[in-house]
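Biologist: Could you take me on a close look at one part of this structure, the place where the ligand sits? I am just starting out, so please go step by step.

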Amino acid sequence: MGKALDGVRILDFTHVQSGPTCTQLLAWLGADVIKVERPGEGDATRGQLRDIPGVDSLYFTMLNHNKRSVTINTKKPGGMAVLDRLIATCDVMVENFAPGALDRMGITWEHIQAINPRMIVASVKGFGPGPYEDCKVYENVAQCAGGAASTTGLEDGIPMVTGAQIGDSGTGLHLALGIVAALYQRTHSGRGQKVLAPMQDAVLNLCRVKLRDQQRLERTHTLHEFPQYPDGKFGEAVPRAGNASGGGQPGSILRCKGWEADPNAYIYFITQAAVWPAICRVIGEEGWVDDDAFKTPQARLLHLKPIFRRIEQWTMTKDKYEAMEILNKYDIPCGPILSMKEIAYEPSLRETGTVVEVDHPTRGKYLTVGNPIKLSDSPTEVTRSPLLGEHTDEVLGQLGFGADEISALRADGAV
Ligand code: CAO
């Protein structure tokens, strides 16, 4: 079976996490992704957070599947000549260097356009145009500047970053969509274009509902579904909401049987209005169904804390899986708090290819997250990440360089 992006060739000039997330996704969709790395060193993540000495780290391998690796030193004229030939033959260049780094290498938009006017140049930067546009940015900086940290955490605690890499991987996803859209537009326009996904903007996009709440707060001075209501005070900005659902259906994380010993013996419980009578019956509070204090969603907002305390008395009598089974029979929306260990060994995630075991020549077998986007006519087969420069000869050969030329480039340190 063919792949959605068959025939698309990507010059992958990315490193660390945000850019590689994007190009890995494009590779899974069928693009030929050629990762360009500095000779001898490669992507810094190859050596970061290593668990086996001298072997590519899981950080690197889990972000660079299905790619080819070519080493090119762009600070050597020979290296630039190779890169120019890649620019001539690729459809998209993806990069996430610090602001100005690409220009300093001489790889300006004008330079690229002169070689290949159809090329799409896609960039991740920490910030878009504005006061911070020249700043280097990592994940947590983006989470803080994009509004995630100020709205995450316990209501009386400090700002918190989340474990989900919304700044890096979240921005990579945004960039991938921009690239696919630009490829589609090129089918009509015949022209390439620049695609920019700033990390602050991507995080803010993912925090869209918090800007919604900011405006609600400014208009009404209160947010009824937040834990600060009805007893606490609201300030001028959206506060941290603990584990409140933040949506129209109140929810909370509740303890389950075994919570004293197991840090993940919890369930997320949503008191969806449609199943309120069922919730009352399950927890043995049938009287609440017609009680004026609990009957309507509006009335319940005044009593969310005691309601969840009572539901928790029930969840604490069941383990999280037993609770799920009972609640699902009544269509009560709930979810177990799964540890990474539970996720790693969950059979259904293995069956769908979302958790995959991959074999690597120097590392051996390891687990990775496969393509979370499932296309019925473009299935994904996850293959291992490349060793540094593993495909240099192959790719340079495809670009028309002869064996002698490749040897000379290598002797000069250009590849
Ligand atoms: N040949 C020769 N030189 C190369 C090269 C190659 N193949 N690949 C990279 N380089 C050089 C660059 O030219 C640059 O040199 P100069 O500083 O002399 O211009 C240098 O390597 C370093 O690039 P960098 O500044 O991008 O890397 P850094 O490690 O200092 O910064 C990061 C890393 C992530 C902070 C920065 O790249 C950045 O802000 N990127 C944009 C935002 C982003 O994607 N952040 C998410 C990262 S994932 O957490």
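Modeller: Happy to! The ligand takes up the space of the largest pocket. Please keep in mind that this is a predicted model, and that every value I quote is computed from it.

Let's begin with the surroundings. The ligand has 23 residues around it, and the closest are Ala 98, Arg 104, Lys 136, Val 137 and Asp 168. If you sort the residues of this shell by character, you get nine nonpolar, seven polar and seven charged ones.

Now zoom in on single atoms. Lys 136, one of the closest residues, has an N or O atom in its side chain that is 2.5 Å from an oxygen atom of the ligand. The side chain of Arg 38 has an N or O atom as well, 2.9 Å from an oxygen atom of the ligand. With Val 137 you should look at the backbone: an N or O atom there lies 2.7 Å from a nitrogen atom of the ligand. How much of the ligand does the protein cover? On its own, the ligand has 950 Å² of accessible area, and the protein covers 83% of it.

From Arg 38, step back along the sequence to Glu 37, which belongs to strand E2, residues 32–37. Is Glu 37 buried or exposed? Its relative accessibility is 4%, and a residue counts as buried when this value is under 20%, so Glu 37 is buried. The side chain of Glu 37 also has a partner: it makes a polar contact of 2.8 Å with the side chain of Ser 69.

For practice, try the same reasoning on another residue, Arg 310, which you will find in helix H12, residues 304–315. Arg 310 has a relative accessibility of 19%, so with the cut-off of under 20% it counts as buried too. You can also compare positions in sequence and in space here: Arg 310 and Glu 285 are 25 residues apart along the chain, while their C-alpha atoms are separated by 9.1 Å.

Finally, zoom out to the whole chain. There are 17 helices and eleven strands in it, and the C-alpha trace spans about 85 × 45 × 40 Å along its principal axes. Of the 415 residues in the chain, 46% are buried; Glu 37 and Arg 310 are among them. When you turn the model yourself, a good place to start is Lys 136 with its 2.5 Å distance to the ligand, followed by the backbone of Val 137.

Terms used. Residues are numbered from 1 along each chain as its sequence is written. This is a predicted model: local features need pLDDT of at least 70, side-chain atom pairs count only at pLDDT 80 or more; totals for chains, interfaces and linings use all residues. Side-chain values use heavy atoms; hydrogens and water are left out. A residue is near a molecule or strand if one of its heavy atoms lies within 4 Å of it. A polar contact is a pair of N or O atoms within 3.5 Å; within protein, one must be able to donate a hydrogen and the other to accept it, and residues adjacent in sequence count only if both atoms are side-chain atoms. Accessible areas come from the Shrake-Rupley method with a 1.4 Å probe; for residues, only the protein chains shown count as cover. On a 1 Å grid over the protein atoms alone, a cavity is a set of points where a 1.4 Å probe fits but cannot get out, and a pocket is an open set with protein on both sides within 12 Å along at least five of seven lines; lining residues have an atom within 4 Å of a point. A molecule sits in a cavity or pocket if more than half of its atoms lie within 2 Å of its grid points. Ala, Val, Leu, Ile, Met, Phe, Trp, Tyr, Cys and Pro count as nonpolar, Asp, Glu, Lys and Arg as charged, and the others, Gly among them, as polar. Helices (H or I, at least four residues) and strands (E, at least two) are DSSP runs, numbered from the N terminus. Buried means under 20% relative accessible area, exposed over 50%, partly exposed in between (1.4 Å probe, protein chains only).
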